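Thanks for making time for this. I would like to walk through one small set of contacts with you, going from the strands to the side chains, and I will keep to what the model itself shows.

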Amino acid sequence: MTPLDKAIRRELQVGDDTYTLTIDPSGLKLVLKGRRKGVELQWTELVNGDAALAAALQASLAAK
């Protein structure tokens, strides 16, 4: 198995919007293409089951 030791970036089409997905050793980040802020998820949050809570918190902060 190849270790994840550097960031991997991929383009993703969702509906009419294009996003950039970055997967790195600390977690993953989904950002609207051309923007800097997006949804971040740490691997520890995903493993601990806190992913839904973390995503909901980030969404509520982004809406303000």
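**Strands, salt bridges and a surface patch**

Let me start with the strand pairing, where E1 and strand E2, the latter covering residues 17-24, run antiparallel and are joined by seven bridges. Before going further I should say that this is a predicted model, so please hear every value that follows as computed from predicted coordinates. Within that pairing, glutamine 13 has threonine 18 of E2 as its bridge partner. The hairpin of E1 and E2 has two residues between the strands, and in this hairpin glycine 15 takes a positive phi near 65 degrees.

Moving along the chain, E2 also pairs with E3, again in the antiparallel sense, and here the pairing extends over six bridges. One of the partners to look at is isoleucine 23, which is matched with leucine 28 in E3. The connection from E2 to E3 is a hairpin that passes through two residues.

Now to the charged side chains: how many salt bridges does a search of the whole structure find? The search finds two.

In one of them, glutamate 11 is joined to lysine 33, with the closest N and O atoms 2.6 Å apart. Because glutamate 11 lies in strand E1 while lysine 33 lies in the loop between strand E3 (27-32) and strand E4 (38-42), this pair ties together parts that are 22 residues apart in sequence. As for solvent, glutamate 11 is exposed, at a relative accessible area of 55%, and lysine 33 is partly exposed, at 47%.

In the other, glutamate 40 forms a salt bridge with lysine 29, and the closest N and O atoms are 3.9 Å apart, a value to be read against a cut-off of 4 Å. Glutamate 40 sits in strand E4 and lysine 29 in strand E3, so the parts tied together here are eleven residues apart in sequence. Glutamate 40 is partly exposed, with a relative accessible area of 36%, and lysine 29 likewise counts as partly exposed, at 26% relative accessibility.

Finally, the nonpolar side of the surface: which residues form a nonpolar patch there? They are Leu12, Val14, Leu30 and Val39, which together have about 280 Å² of accessible area. Of these, leucine 12 belongs to strand E1, residues 8-14, and leucine 12 counts as partly exposed because its relative accessibility is 37%.

Technical notes:
Residues are numbered from 1 along each chain as its sequence is written. This is a predicted model: local features need pLDDT of at least 70, side-chain atom pairs count only at pLDDT 80 or more; totals for chains, interfaces and linings use all residues. Side-chain values use heavy atoms; hydrogens and water are left out. Patches are made of residues with over 30% relative accessible area and no salt bridge: like charges are joined within 9 Å, nonpolar side chains (Val, Leu, Ile, Met, Phe, Trp, Tyr) within 5 Å. Accessible areas come from the Shrake-Rupley method with a 1.4 Å probe; for residues, only the protein chains shown count as cover. Helices (H or I, at least four residues) and strands (E, at least two) are DSSP runs, numbered from the N terminus. Buried means under 20% relative accessible area, exposed over 50%, partly exposed in between (1.4 Å probe, protein chains only). Two strands pair if DSSP finds at least two bridges between them.
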